[in-house]
Amino acid sequence: MTSTTAELEALLMQRSLTDAQLLAAADAAADFRILPNATVLKIGGQSVIDRGRAAVYPLVDEIVAARKDHKLLIGTGAGTRARHIYSIAAGLNLPAGLLSQLGGSVADQNAAMLGQLLAKHGISAVDGAGLSSVPLFLAEVNAVVFSGMPPYKLWMRPAAEGVIPPYRTDAGCFLVAEQFGCRAMIYVKDENGLYTENPKTSKNATFIPKISVDEMKAKGLQDSILEFPVLDLLKNARHVREVQVVNGLVPGNLTRALAGEHVGTIITAC
């Protein structure tokens, strides 16, 4: 370990940060998982929160019960209000970075609302620098709420086409799970999981219980349940090598997924 560390330090002092040998030495360095016992939940904005009390209250009760046995980082999506503001901003020819800021403000609103609903249980919402206090919240109450939008803002990498930010709340929640080295990443949506077609519009849609990133891309399903960049993030991840998509409108689904049951669709890195 000492020689490897010394080699890496020497390379960092002498080589470009894109040097192949330096990158290989950095890749060989030992991984450290910051929160290996925590699970990240992404609560869909349009699929769950926008549905109001009927969808959110039962899920809140399930989260409160689940946190007795699980450490939960609860990220919020943006949903319909973000789509509305994207349409206005795109129509004004504003750049992806500004749309990212606008979409993030909606995800922040959803985190604030969910945080207030969970407040009487001691579960708080944090943002920005407040993420540094996540370990304390997990140690004290086993759960914390955060806005799922990654904080790229004006530094959002533009998509190949159009100005809609490619890295949104699905990606933001996955990045939290991967960077903290969490045990699992669960997306709570309003469908049972991944289908061959959109089940809301096609009677021929067939449910897919498990699939890899490469298989999804080969079938042209890369943008059908999660944001497209999530698949590339998953493919290259070190810690979170699969994600699970469950229907949060079905009572008990989240609890079963947290317990390790194969509920919904599991998407694997390979």
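## Largest pocket

A pocket here is an open set of grid points with protein on both sides within 12 Å along at least five of seven lines. The model is predicted. Its largest pocket has a volume of about 800 Å³.

The lining of this pocket counts 31 residues. Q46, R83, D170, K189 and I225 lie nearest the centre. By class, the lining has eleven charged, ten polar and ten nonpolar residues. Three elements each supply at least two lining residues: α4, α7 (169–179) and β6 (194–195). Helix α4 gives the most, with three residues.

## Second largest pocket

The second largest pocket has a volume of about 480 Å³. It is lined by 22 residues. Closest to its centre are G128, S147, M149, P150 and P151. Two or more lining residues come from each of α5, β4 (143–147) and α7.

Helix α5 provides the largest share of this lining, five residues. The class split is ten nonpolar, nine polar and three charged. Helix α7 appears in the linings of the largest pocket and of the second largest pocket.

## Helices α4 and α5

Helix α4 gives the most to the lining of the largest pocket, and α5 gives the largest share to that of the second. How do these two helices pack? Helix α4 spans residues 80–91 and helix α5 spans residues 96–118. Their axes come within 9 Å and cross at roughly 160°. Angles over 145 degrees count as roughly antiparallel, so α4 and α5 are roughly antiparallel to each other. The crossing is right-handed.

On the α4 side, the contact uses R81, A82, I85, Y86, A89 and A90. On the α5 side, it uses L99, L102, G103, V106, Q109, N110 and M113. These contact residues divide into nine nonpolar, three polar and one charged.

## Enclosed cavity

How many cavities of 30 Å³ or more are there? The count comes to one. The largest cavity has a volume of about 40 Å³.

Its lining consists of I43, V48, I49, V56, L59, V60, I63 and L114. Helix α3 (residues 53–66) gives the most to this lining, with four residues. By class, the lining has eight nonpolar residues, no polar and no charged. The largest pocket, by contrast, has eleven charged residues in its lining, and the second largest pocket has three.

Methods: Residues are numbered from 1 along each chain as its sequence is written. This is a predicted model: local features need pLDDT of at least 70, side-chain atom pairs count only at pLDDT 80 or more; totals for chains, interfaces and linings use all residues. Side-chain values use heavy atoms; hydrogens and water are left out. Axes are lines fitted to C-alpha atoms, for helices over the stretch in contact, and angles run from 0 to 180 degrees between N-to-C directions. Angles under 35 degrees count as roughly parallel, over 145 as roughly antiparallel, 65 to 115 as roughly perpendicular and the rest as oblique. A crossing is left-handed if the near helix is turned anticlockwise from the far one by less than a right angle, and right-handed if clockwise. Contact means heavy atoms within 4.5 Å. Ala, Val, Leu, Ile, Met, Phe, Trp, Tyr, Cys and Pro count as nonpolar, Asp, Glu, Lys and Arg as charged, and the others, Gly among them, as polar. On a 1 Å grid over the protein atoms alone, a cavity is a set of points where a 1.4 Å probe fits but cannot get out, and a pocket is an open set with protein on both sides within 12 Å along at least five of seven lines; lining residues have an atom within 4 Å of a point. Grid points are joined across faces, edges and corners, and a volume is the space filled by probe spheres set on the points.
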